[in-house]
Amino acid sequence: EASFEGVDDVAMAAPKPAPRRNDSAALAKEIAEKLTYAIGKDPATARRHDWLEATTLAVRDRIVDHWLASNARNNASGAKRVCYLSMEFLIGRLLRDAINNLGLSEAIRDALSAYDVEIDLIELLEPDAALGNGGLGRLAACFMESMASTGVPGFGYGIRYVHGFFRQEVVDGQQVELPETWLEHGNPWEFERRERAFEIGFGGKVTMIEEAGKPPRQVWRPAERILAVAYDTPIVGWRGARVNTLRLWSARALDPILLDAFNSGDHIGALLEANRAQSITQVLYPADSHLAGQELRLRQEFFFSSASLQDIIRHHLKRHGDLTTLPDKVAIQLNDTHPAVSVAEMMRLLIDVHAMGWDQAWDITKKVFSYTNHTLLPEALETWPVNLFERLLPRQMQIIYAINAQIIREATQSGLDGGKIAAISLIDEGSGRRVRMGQLAFVGSHAINGVSALHTELMKKTVFHNLHELYPERIQNKTNGVTPRRWIMECNPDLTALVTEAIGPGFKDDITKIKGLDALATDAGFRDKFMAVKLRNKQRLAKTIEERLAISVDPHAMFDVQVKRIHEYKRQFLNIIEAVALYDQIRSHPEIAWQPRVKIFAGKAAPSYANAKQIIHLANDVARVINADPSVQNLLKVVFLPNYNVSLAEQIMPAADLSEQISTAGLEASGTGNMKFAMNGALTIGTLDGANVEMLEHIGEDNIFIFGLTAEQVAARRANGQGGREIIENSPILKGALDSISHGVFSEPGRYSNLIDNLYGNDWWMIAADFEAYWQTQRRLDTVWQDPTAWGTKAVHNTARMAWFSSDRSIREYAKDIWSAPTGA
Ligand code: HBZ
């Protein structure tokens with residue numbers, strides 16, 4: 001009970017431990033104590049990982065103090081709680097975050113230096129918790145930190161995957177996936193809550209029970225039952241003011257071993273059931289853009305949804321006694337459709353388990369839930385075959401049919417025609433009957449949001465066009481943000497020190513104050529210091545590149561960076577073609593004043609996404625040839641850094657000069673890397689897509705480099721079926737680059753013919769269509785780079801004008817407009 005319920009009767013009576021002191025002497029003493037008594041090592045023989053663990057435990061004690069206090073406050077005030085249900089939390093390392101937010105950075109550094117231990121070195125040994133794929137999972141992590149920092153009583157609910165996102169190696173230029181084992185040496189941040197375990201059912205039958213004097217009711221008797229066990233991780237907000245909980249569920253068998261089978265000699269068979277149960281939380285699906293469509297995935301979704309809802313209901317009943325007040329006390333945010341089955345499961349729990357009537361249950365459900373959409377890509381929208389759903393979740397399927405009937409009645413009454421009704425139906429009757437999870441999440445929620453202004457408008461016009469017509473007040477926009485603690489203060493300490501020196505430390509508490517830098521953009525002295533910080537960050541990244549890849553890059557060259565998941569719509573291919581074109585042009589026009597560039601790529605491809613893997617291969621092929629060619633040595637390098645993850649991002653963001661945000665317009669819902677780069681003073685080259693549009697508004701058109709077709713133009717070109725052939729044939733630079741790729745300058749001929757044929761064919765991602773504009777804009781950037789004053793001024797404006805993209809702003813908007821939840825500030 002400790003974490004959620006806080007002070008219970010026993011704890012009240014027990015004497016409280018003395019609060020911890022935060023000076024370096026006290027910390028040094030405690031770290032040594034942890035090392036000795038928790039780890040069993042002597043300072044003289046301790047290894048670096050022992051010091052990491054001892055430090056983590058000492059920091060953790062301080063977090064626990066704040067954590068218990070936060071929970072006690074929640075319980076005393078009865079304030080509305082926000083439950084953020086997400087299949088992914090890409091939290092990365094936690095030690096630096098905790099130390100920074102508790103204001104312990106210097107004390108810890110000093111404490112450890114007494115033992116000749118460097119915090120910067122031991123921190124690197126913490127595994128990077130990669131319980132997510134990309135932007136969606138990282139957004140959930142930023143939101144958890146911002147809820148704690150803005151005073152929202154937030155509870156993250158997700159899955160404790162034993163194996164997070166795979167580790168990527170590049171072998172002979174190609175991606176190889178290796179298992180990731182973040183829990184191998186234990187996880188000091190988590191607390192197992194044995195008392196928080198819920199049964200989760202699958203399969204079986206639904207029967208109607210009729211008891212005298214009571215209305216008939218449905219009872220689900222699952223064929224298979226397993227346990228969901230809670231593991232809690234504290235999430236520390238800025239200044240430790242609030243510590244929230246991330247509760248991750250782990251699957252366990254009800255019976256660890258089947259004794260009958262074991263005793264009759266079937267030793268393996270006796271363990272099968274336990275293995276099957278545990279398999280649910282073994283591994284994260286590594287696909288971010290197309291549906292895995294496998295039974296295990298649906299099991300994962302239901303498993304964590306049901307456990308979270310049972311926990312929420314249990315807590316509510318214990319505190320408030322009565323489920324009719326649930327919407328006043330809890331808001332549940334569905335992070336994409338992955339937890340959308342929650343809508344049906346909530347109805348089941350209210351009706352079947354807690355004996356509520358349908359109408360009241362439906363009203364409560366809609367008031368409690370809200371849903372965030374993160375993609376318009378049709379191949380990423382979740383649908384499940386009706387027969388799979390029915391077999392695994394028979395009662396929930398019945399409820400979905402009943403919800404559907406009700407929605408169709410409402411649609412008919414409001415005069416929607418048959419075609420529109422088919423479009424809003426929760427069941428897709430088209431290609432084999434399928435349950436549409438987006439529609440389910442929509443109808444079960446009072447608010448549905450997109451993640452940037454453009455994306456939200458497109459949602460209204462495309463995927464949810466008809467539902468929007470039926471329920472026009474439900475869709476709203478909540479533009480994404482990123483936490484400035486991790487993405488400025490922690491990843492860029494030199495910049496943080498410089499900003500503090502220039503405008504004082506107020507921006508740490510209120511990021512909008514960073515606007516104060518704007519006036520200094522034209523101050524040569526400040527600008528020089530700003531660019532000197534950038535140079536130091538680039539030197540550090542250059543060292544990493546040298547160590548990992550044995551490629552030496554000049555920190556004075558422009559670092560032109562594209563790091564994100566590899567996907568055709570994100571158009572890494574466009575960037576690579578530009579690199580090839582540049583390579584050709586530098587060699588054919590040595591008289592031109594080319595500006596030295598290092599093109600840096602990083603990102604993972606879904607293991608089953610063949611074209612994305614080809615793009616990685618091409619990047620590595622191109623890099624190998626260009627980096628070995630003495631004729632462009634000082635002017636162009638290409639680097640593919642393997643195994644992009646949160647920790648690598650923390651090193652890359654502060655070291656970038658140019659940020660590539662070049663998705664085909666209309667397809668990147670928001671982007672969040674775009675924000676991290678700009679906050680750290682990189683200029684953006686980008687399309688009018690996702691949050692780039694709003695970045696343009698905030699940063700100003702002189703300080704961001706926008707090119708290419710708009711979302712409308714893309715839609716029109718696609719509708720016309722104009723391919724790329726004509727464009728390619730009229731563009732000697734593009735044609736030349738494609739020819740050198742096809743003809744085997746970088747590999748045997750034909751290796752990339754599939755990718756190239758696609759450009760000549762329908763050019764679905766508008767790479768040919770946008771190439772010329774992209775090329776010209778890159779050359780404009782060369783001109784600006786030649787003028788360090790101009791570049792530095794724009795860089796400072798970027799950092800100064802990005803405060804609005806703090807996830808604190810996003811969270812305050814959610815709290816006010818969607819959750820009706822309190823914020824502290
Ligand atoms: O969510 C991303 C969007 O592509 C990006 O534009 C946006 O900034 C970010 C946060 O809103 N979407 C994802 O990252 N999506 C996934 O990772 C994903 C994971 C599993 C799936 C589908 C999508 O089954």
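This report walks through the ligand site, the largest pocket and the cavities of a predicted model.

## Around the ligand

Let's begin with the ligand, which has 19 residues around it. Leu136, His374, Asn480, Glu668 and Gly671 are the closest of these. Three of them come with a distance to an oxygen atom of the ligand. For Glu668, a polar side-chain atom lies 2.6 Å from such an oxygen. Leu136 places a backbone N or O atom 2.8 Å from an oxygen atom of the ligand, and for Gly671 a backbone N or O atom is likewise found 2.8 Å from a ligand oxygen. How much of the ligand does the protein bury? On its own the ligand exposes 530 Å², and the protein buries 93% of that.

Where does this shell come from? Helix α8, spanning residues 135-150, provides the largest share, with three residues. Looking at domains, at least three shell residues come from domain 2 (83-93 + 131-177 + 185-479), and at least three from domain 3 (500-805). If you sort the shell by residue class, you will find nine polar, six nonpolar and four charged residues.

## The largest pocket

Next comes the largest pocket, with a volume of about 1700 Å³. Its lining is made of 47 residues, and Arg96, Asp120, Glu123, Glu490 and Pro493 are the closest to the pocket's centre. Several helices give two or more residues to this lining, among them α5 (95-101), α7 (119-123), α21 (484-490) and α22 (493-503).

Which element gives the most to the lining of the largest pocket? That is α24, with eight residues; this helix covers 524-549. In terms of class, the pocket lining holds 19 charged, 16 nonpolar and twelve polar residues.

## Cavities inside the protein

The structure also holds nine cavities of 30 Å³ or more. A good one to look at in your viewer is the second largest, which contains about 80 Å³ of space. Its lining includes Asn74, Asn75, Gly78, Ala79 and Arg81, as well as Ile312, His315, His316, Arg319 and His320. Lys329 and Val330 also line this cavity.

Two helices, α4 (48-77) and α11 (295-320), each supply at least two residues of that lining. The biggest contribution is from α11, with five residues. By class, the lining of this second largest cavity has six polar residues, three nonpolar and three charged.

Terms used: Residues are numbered from 1 along each chain as its sequence is written. This is a predicted model: local features need pLDDT of at least 70, side-chain atom pairs count only at pLDDT 80 or more; totals for chains, interfaces and linings use all residues. Side-chain values use heavy atoms; hydrogens and water are left out. A residue is near a molecule or strand if one of its heavy atoms lies within 4 Å of it. A polar contact is a pair of N or O atoms within 3.5 Å; within protein, one must be able to donate a hydrogen and the other to accept it, and residues adjacent in sequence count only if both atoms are side-chain atoms. Accessible areas come from the Shrake-Rupley method with a 1.4 Å probe; for residues, only the protein chains shown count as cover. Helices (H or I, at least four residues) and strands (E, at least two) are DSSP runs, numbered from the N terminus. Ala, Val, Leu, Ile, Met, Phe, Trp, Tyr, Cys and Pro count as nonpolar, Asp, Glu, Lys and Arg as charged, and the others, Gly among them, as polar. Domain bounds come from an automatic or database domain assignment. On a 1 Å grid over the protein atoms alone, a cavity is a set of points where a 1.4 Å probe fits but cannot get out, and a pocket is an open set with protein on both sides within 12 Å along at least five of seven lines; lining residues have an atom within 4 Å of a point. Grid points are joined across faces, edges and corners, and a volume is the space filled by probe spheres set on the points.
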